[in-house]
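Me: Please take a close look at one part of this model, the ligand site, and then place that part in the rest of the chain. Give the cut-offs with the terms.

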Amino acid sequence: MSEDVFKKIVSHCKEYGFVFQSSEIYDGLSAVYDYGQMGVELKNNIKKYWWDSMVLLHENVVGIDSAIFMHPTIWKASGHVDAFNDPLIDNKDSKKRYRADVLIEEYMAKIDEKINKEVEKAAKRFGESFDEAMFRQTNPRILENAKKRDEVHARFVKAQNDNDLEELRQIIIDCEIVDPISGTRNWTEVRQFNLMFSTEMGSTADGAMKVYLRPETAQGIFVNFLNVQKTGRMKIPFGIAQIGKAFRNEIVARQFIFRMREFEQMEMQFFVRPGEEMEWFAKWKETRMKWHKALGFGDHKYRFHDHDKLAHYANAATDVEFEMPFGFKEVEGIHSRKDFDLSSHETYSGKKMQYFDPELNKSYVPYVIETSIGVDRMFLSVVSASYYEDELDGGESRAVLKLPPALAPIKLAVLPLIKKDGLPEKAREIIDNLKFDFKCQYDEKDSIGKRYRRQDAIGTPYCVTVDHQSLEDNTVTIRYRDTMEQERVAIDKLADIIADKVSMKNLLKTIG
Ligand code: ATP
């Protein structure tokens, strides 16, 4: 997929009511988006899939819904006030701002791409007899590029670990990285920029308090750890799940809903005995990957990316990456955070954050495995993987969203062939019977072909057409979105046919 396809996906999202630019009539607000009538349904279905997979399928995972505003000391304890920074750099000619780390990562990705192209070319040339490993080890151009990449990589990791901003800039200079807009290398210094939004709570007369809009939902879970453990009589290991808004003043907000300033997260903190965290880390990696793959987009679209740079408190971290139209990108993070957060809250609040383990007969601060996924990035991955432009017979084409039926905003459309002779009434009758189980849409405008196209574009898995025969024998034509095949079925069979494919329960059963 290319950037071109990505542009089409973005305009498709707007045209069919999935995603709108925020404040559009005022020329928009950068990196803030609104979900439209279709988008909100798809988003809610994604959230339900995640929520149910956590709290229904795991007896020992419960949910909460904590407030966006929290006591400001929480963000001191979590490290966000001091260290939730991105290194930024400006180009003096274009006046554009970039993340220094991202510029370097993109540079390394380009070298990797060059190497892979070289390998692909050789594979074609040599055919069956091609020995890829040998080629990678011996081809001089590849060796030279790999060496260059490894050198930059080593410097980059060290600069990040040492928090050495000058060295980050030097890497950009040494690699001759140019601004994609101005094409020049006229860079400023690299500076740290804190990503948290702040505001004031209370009237200024009483001395207002500076509060932050939470940059992640996780801290709401940590500070409620004991509340939930005690009131829910939870025994370790157990997890707390939460879905909610998060806010980050991202320096470079590009790529549509991939990087937003207001977004939504689905996070789960799983509390375990110290020493058992690696087992649980492996288990949650597997569980989460299964959740992604069950959507059926193809296993090759996912990969793990283990972190080079571990936060000082983490002893393992990986990203689940998905192949977006603009390459493999992080959709979810899975981290082993040891007792960092709970211990830090103990220190800052002066309250014990410990669990008494009856089996071990001792108290300890539990270790934590975190799974953290962005709803909006998940939404983007689902829409990107579902978008197809199919060539049809007769030179026509259709834009179709082959969404997993359980996630589709509308499950079935009911279409009277014509607007009279009692067909609309019959169609309404079908909807009245099915509307309690499935989100249905009624459409009588335009030709049946046009109506099918409209439903294809929003990903409706079933179209049901009511014609004159329906009045006589209570049958309808059901048309399947992906194959476009049609068959005649009895109206009283519709509920079963549709439920079989669209039910969240059946999707959950594949992972539960
Ligand atoms: P990135 O490196 O892309 O900035 P991150 O590593 O800072 O992401 P985390 O802090 O691990 O992200 O957040 C967990 C998840 O929240 C991410 O995997 C992503 O899906 C989502 N997320 C983070 N920042 C944004 C954002 N600005 N817009 C949309 N989703 C986001």
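Reply: What follows starts at the ligand and moves outward to the chain, one strand and a few backbone details.

The model is predicted, so local features need pLDDT of at least 70 and side-chain atom pairs count only at pLDDT 80 or more, while totals for chains, interfaces and linings use all residues. Residues are numbered from 1 along each chain as its sequence is written, and side-chain values use heavy atoms, with hydrogens and water left out.

The shell around the ligand holds 16 residues, and Glu250, Arg259, Met260, Glu330 and Val331 come nearest; a residue is near a molecule if one of its heavy atoms lies within 4 Å of it. Two ligand nitrogen contacts can be listed by their protein side. Glu250 places a polar side-chain atom 2.8 Å from a nitrogen atom of the ligand, and Met260 has a backbone N or O atom 2.8 Å from a nitrogen atom of the ligand. An oxygen atom of the ligand lies 3.0 Å from a polar side-chain atom of Arg377. A polar contact here is a pair of N or O atoms within 3.5 Å. On its own the ligand has 600 Å² of accessible area, and the protein covers 84% of this; accessible areas come from the Shrake-Rupley method with a 1.4 Å probe.

By class, the shell divides into 7 charged, 5 polar and 4 nonpolar residues; Asp, Glu, Lys and Arg count as charged, Ala, Val, Leu, Ile, Met, Phe, Trp, Tyr, Cys and Pro as nonpolar, and the others, Gly among them, as polar. Strands S10 (262-272), S13 (327-338) and S16 (367-374) each supply at least two residues of the shell. S13 gives the most, with 5 residues. Strands (E, at least two residues) and helices (H or I, at least four) are DSSP runs numbered from the N terminus.

Lys338 also belongs to S13. The phi of Lys338 is near 50°, a positive value in a residue other than glycine, and this residue is partly exposed, with a relative accessible area of 27%. Buried means under 20% relative accessible area, exposed over 50%, and partly exposed in between, with a 1.4 Å probe and protein chains only. Asn361 has a positive phi near 55° and is found in the loop between strand S14 (355-357) and strand S15 (362-364). Asn361 is exposed, at 58% relative accessible area. A cis peptide bond, with omega about 5°, joins Ile236 and Pro237. Most residues other than glycine have a negative phi, and most peptide bonds are trans.

The chain as a whole has 18 helices and 23 strands, and 49% of its 512 residues count as buried. Strand S21 (residues 462-466) is largely enclosed by the rest of the structure, because 5 of its 5 residues are buried. Tyr462, Val464 and Val466 are buried on one side of S21, and Cys463 and Thr465 on the other. S21 pairs in the parallel sense with strand S19 (residues 412-416) over 5 bridges, and runs antiparallel to strand S22 (residues 475-480), to which 4 bridges join it. Two strands pair if DSSP finds at least two bridges between them.

Lys426, in helix H14 (residues 423-434), is buried at 11% relative accessible area. Lys426 touches Val466, Ser470, Leu471, Asn474 and Ile491, not counting residues up to four places away in sequence; contact means heavy atoms within 4.5 Å.

Definitions and conventions: A polar contact is a pair of N or O atoms within 3.5 Å; within protein, one must be able to donate a hydrogen and the other to accept it, and residues adjacent in sequence count only if both atoms are side-chain atoms.
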